[in-house]
Amino acid sequence: MLWACLRDRRLGGLKFRRQHPIDKFIADFYCHEARLIVEVDGAVHRENDQAERDALRTEVLRRFGLSVVRVTNTEVETALEKVLSAIAGAAQAGK
């Protein structure tokens, strides 16, 4: 659902790649121009161990000079326009 809105430069003319490798990680969506990663988190990301791993991963990626936006599957399904607005704002800040 989110990919349909990001692909083919549909969000502000930005080129996003999906399942893009960065170091030892695979980003759900990545925009090189804005140095932005978008991660879509499912229920497993609410578990304590996974939340700690996600925080560490975000910190490592930030050390590469990347911004990370995290959204949940539920947000994508129920508030897609809000999610797209947050991604667009983060991309604009990263340019």
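This passage describes the sheet of a predicted model, a helix that lies across it, and the surroundings of one residue in a strand.

Four strands make up an open sheet, arranged in the order S1-S2-S3-S4, and their pairing is mixed. Strand S1 (17-22) and strand S4 (67-72) form the edges, each of them pairing on one side only. From one strand to the next, the twist averages 45°. In general, the strands of a sheet pair through backbone hydrogen bonds, in either a parallel or an antiparallel sense. The pairing between S1 and strand S2 (residues 25-31) is antiparallel and extends over five bridges. Within S2, Phe 25 is the bridge partner of Ile 22.

The sheet is also accompanied by a helix. Helix H4 (residues 80-94) lies across strand S3 (36-41) and S4, and its direction is at about 155° to that of S3.

Strand S3 includes Glu 39. The relative accessibility of Glu 39 is 5%, and this residue therefore counts as buried, the cut-off for that class being under 20%. The side chain of Glu 39 is joined to the side chain of Arg 57 by a polar contact of 3.1 Å. When neighbours within four places in sequence are left aside, Arg 57 is also listed among the residues in contact with Glu 39, together with Ile 26, Ala 27 and Asp 28. The remaining contacts of Glu 39 in this list are Val 68, Val 69, Arg 70 and Val 71.

Definitions and conventions:
Residues are numbered from 1 along each chain as its sequence is written. This is a predicted model: local features need pLDDT of at least 70, side-chain atom pairs count only at pLDDT 80 or more; totals for chains, interfaces and linings use all residues. Side-chain values use heavy atoms; hydrogens and water are left out. Two strands pair if DSSP finds at least two bridges between them. Helices (H or I, at least four residues) and strands (E, at least two) are DSSP runs, numbered from the N terminus. Axes are lines fitted to C-alpha atoms, for helices over the stretch in contact, and angles run from 0 to 180 degrees between N-to-C directions. Contact means heavy atoms within 4.5 Å. Buried means under 20% relative accessible area, exposed over 50%, partly exposed in between (1.4 Å probe, protein chains only). A polar contact is a pair of N or O atoms within 3.5 Å; within protein, one must be able to donate a hydrogen and the other to accept it, and residues adjacent in sequence count only if both atoms are side-chain atoms.
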